[in-house]
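Biologist: Could you walk me through this one, a bit at a time? I'm new to reading structures.

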Amino acid sequence: MKLFRITRTKSKCRTCPLDGYCTKVKGESASERPKIAFIGEAPGREENEAGHPFVGSAGKELDRVLAKSGIHRHNAYLLNLQNCRPPSNDLESPEGQESLIACRPGFEEEIAALHRLGVRTLVPLGAKPTSALGIDGSIHKVRGSVYEVTIEGLKFWAVPTFHPAYIIRGQWSEEPTMISDIAKAIDIATKGYTPPKEDFLLFPTVRDIEARTKDILKKKPLLGVDIETTGLRYWDSEIFVMALALSSEEAFSIPFYSQGFVPYWKNGDLSRVQNCLSDILLSCPTMFQNAPFDISHLEHHGYKVGRIEHDVLLIHHAIHPELPHNLGYIVSIYGATPYWKDIKLRFPVMRQTPDADLRTYNARDAVVLHQVLGPLLEDLRSTGTEHIYYNYSLKLIRPTLSITYNGMLLNQTRLRKWKAELQDSLEATEQALCELADLPQEFNFQSPHHLSYWFYGEKPRSLPTWEKEIASYDEEGSRKKKASAKYRDLLDRVALYGKVAPLVRSKSQTKRTKTGYAKDEKALLLSKLAATTEIDLISKFRRPTPEHKARLSELVKLRDCLTLFQKRQKTAKLLSTYTDFEVGPDMRVHPSFKIHGTATGRLSSGEGEE
């Protein structure tokens with residue numbers, strides 16, 4: 001097959017530490033007029049040997065994802081940030097960093113050449129290519145959004161997504177998201193893209209509100225509704241600001257407070273605004289993201305919601321119960337607004353957030369409901385799950401709200417007694433574990449690092465850093481003080497791993513997660529079952545060797561430790577989940593029931609959730 005390639009002439013190869021030590025793997029396509037380009041980091045071992053991008057295991061996964069997204073790799077252009085493989089595929093190494101700098105002019109040259117060929121859509125695969133295009137933020141947050149990027153004065157649309165290597169490292173649950181992201185990028189490459197416009201009224205007067213109310217009551221359009229509150233519990237929170245969206249672009253803000261928690265309305269205007277809002281919510285069809293949360297706050301403050309037309313969270317749950325249902329994720333798949341949710345990271349305290357920023361954030365929460373509604377309803381029909389949403393989920397909003405409002409009366413005396421019993425049981429179980437496994441008292445049964453080492457002998461990745469930090473106190477000229485609390489903490493952290501003897505491993509096949517070997521209930525149960533099976537087997541040996549006897553002793557210890565640990569976890573779960581409940585002014589517990597609480601469809605409950 002004849003491949004179309006672009007040669008980089010502007011890369012500073014003579015200054016690159018990788019020059020002459022590996023194959024220069026050029027970008028390529030089977031089409032001389034590709035419409036879309038996929039950008040990786042650097043060639044891997046297989047790519048270096050074959051001289052083609054994305055031919056290893058990650059490349060095979062990319063082929064599968066592209067096919068499921070509606071495109072063959074031969075119709076796309078595949079390239080990397082740099083053409084040479086860094087040592088051990090480590091772009092963070094000194095050589096990797098230098099080679100990125102040296103190859104950058106050539107990378108920009110190649111992207112500019114693609115623009116001349118008609119490419120207007122780029123898909124950076126993973127965090128580094130995304131950052132290289134000037135897009136800031138975690139890949140988990142920015143993926144799926146559409147960004148305008150400029151390279152050598154030329155404009156492109158970029159849709160970041162995961163790198164296929166991330167998927168095959170065990171994150172298979174993210175594959176459907178990656179497929180959706182790439183399908184969005186392909187749609188943009190073939191049909192073009194128009195960024196969403198924003199027609200927001202953020203600083204209204206009472207006359208603005210009254211004029212809009214008159215028009216809304218006349219037309220009774222479907223309104224996207226969103227509120228920002230000072231807390232999760234409706235009975236002791238204030239509504240800071242709310243937004244009503246008339247379309248995917250137009251929304252107006254109804255502030256109740258300004259920055260600094262200063263009341264927005266003056267001279268009796270508040271009652272006029274409240275009357276307008278009451279009329280609108282009672283008369284017009286509305287849609288929400290997690291309607292029970294917004295409605296409980298609105299109705300507690302006297303705004304009766306008359307007609308709940310849609311809840312986009314519940315639509316998405318009916319289509320994909322296994323996927324995340326937060327609004328940022330839903331919009332990344334079905335909407336057009338780029339990721340906007342990080343404003344809460346920049347201003348974690350609502351009352352300190354600048355008015356324009358908070359109200360824009362709130363208005364976006366409202367308009368995106370219109371953006372995603374049509375595509376969501378289309379998917380709802382195509383998956384055949386309309387009856388679940390309309391006949392069950394949507395109809396559960398009012399009954400669950402009624403249960404929440406009514407609340408449950410708890411016997412506080414009995415609850416305190418039971419909590420004390422659980423605390424005593426937890427302490428006794430942890431003490432028994434320490435004695436059985438000879439664990440030091442400072443061992444933390446809630447620490448993933450401590451548990452990973454005890455169960456699997458897996459030391460934390462930070463351990464070498466801690467040891468290096470300790471050694472730095474003895475370096476010549478160091479001004480660090482060993483009498484400091486930081487130094488003592490470092491010593492204690494490192495010393496613990498010398499005091500703990502890891503348990504023997506059973507023959508169960510424990511899966512690895514992002515944070516190491518799994519330590520959940522299922523993984524420990526499988527380990528215990530494997531240990532019990534091996535104990536039964538060795539116990540039947542007629543002439544066990546000293547090695548068999550030693551193995552048997554360790555397995556019995558493993559089984560007994562896992563049994564006690566399971567008891568500890570169950571007690572800790574009861575203590576943390578069922579003994580501390582916030583009560584309302586009526587001394588009742590008012591849980592928020594989550595219709596989307598489980599993938600199986602059953603309800604779950606907890607504190608309020610936005």
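What follows is a chat about the whole chain, a pair of helices, a cavity and one glycine.

Biologist: Let's start wide: how many helices and strands are there in the chain?
Modeller: First off, keep in mind that this is a predicted model. The C-alpha trace spans about 90 × 80 × 60 Å along its principal axes. As for the elements in the chain, the count is 22 helices and 21 strands.

Biologist: And what percentage of the residues in the chain is buried?
Modeller: A residue counts as buried when its relative accessible area is under 20%. The chain has 610 residues, and the buried share of them is 48%.

Biologist: Among contacts between residues at least 6 apart in sequence, what share joins residues at least 24 apart?
Modeller: Here we look at contacts in the chain and leave out those between residues less than 6 apart in sequence. Of what remains, the share joining residues at least 24 apart is 70%.

Biologist: Now the helix pair: is helix 18 roughly parallel or antiparallel to helix 22?
Modeller: Helix 18 covers residues 448-456 and helix 22 covers residues 546-578; their axes come within 12 Å and cross at roughly 155°. Angles over 145 degrees count as roughly antiparallel. So helix 18 runs, relative to helix 22, roughly antiparallel.

Biologist: Which residues of helix 22 does helix 18 meet?
Modeller: By class, this contact has six nonpolar residues, with no polar and no charged ones. From helix 18 come Leu451, Trp454 and Phe455, and in helix 22 they meet Cys561, Leu562 and Phe565.

Biologist: Which elements give two or more residues to the lining of the largest cavity?
Modeller: A search of the whole structure turns up one cavity of 30 Å³ or more, and the largest cavity holds about 70 Å³ of space. Its lining includes Phe455, Tyr456, Leu524, Ser527, Leu558 and Leu562. The elements giving two or more residues are helix 18, helix 21 (521-539) and helix 22.

Biologist: By class, what does the lining of that largest cavity have?
Modeller: Arg505 is one of the lining residues, and Arg counts as charged. Across the lining, the classes come to six nonpolar, four polar and one charged.

Biologist: Last one: is Gly192 buried, partly exposed or exposed?
Modeller: Gly192 sits in the loop between helix 7 (175-191) and strand 8 (199-201). Its C-alpha atom is 8.7 Å from that of Arg120, 72 residues away along the chain. Its relative accessibility is 40%, so Gly192 counts as partly exposed.

Key: Residues are numbered from 1 along each chain as its sequence is written. This is a predicted model: local features need pLDDT of at least 70, side-chain atom pairs count only at pLDDT 80 or more; totals for chains, interfaces and linings use all residues. Side-chain values use heavy atoms; hydrogens and water are left out. Axes are lines fitted to C-alpha atoms, for helices over the stretch in contact, and angles run from 0 to 180 degrees between N-to-C directions. Helices (H or I, at least four residues) and strands (E, at least two) are DSSP runs, numbered from the N terminus. Angles under 35 degrees count as roughly parallel, over 145 as roughly antiparallel, 65 to 115 as roughly perpendicular and the rest as oblique. Contact means heavy atoms within 4.5 Å. On a 1 Å grid over the protein atoms alone, a cavity is a set of points where a 1.4 Å probe fits but cannot get out, and a pocket is an open set with protein on both sides within 12 Å along at least five of seven lines; lining residues have an atom within 4 Å of a point. Grid points are joined across faces, edges and corners, and a volume is the space filled by probe spheres set on the points. Buried means under 20% relative accessible area, exposed over 50%, partly exposed in between (1.4 Å probe, protein chains only).
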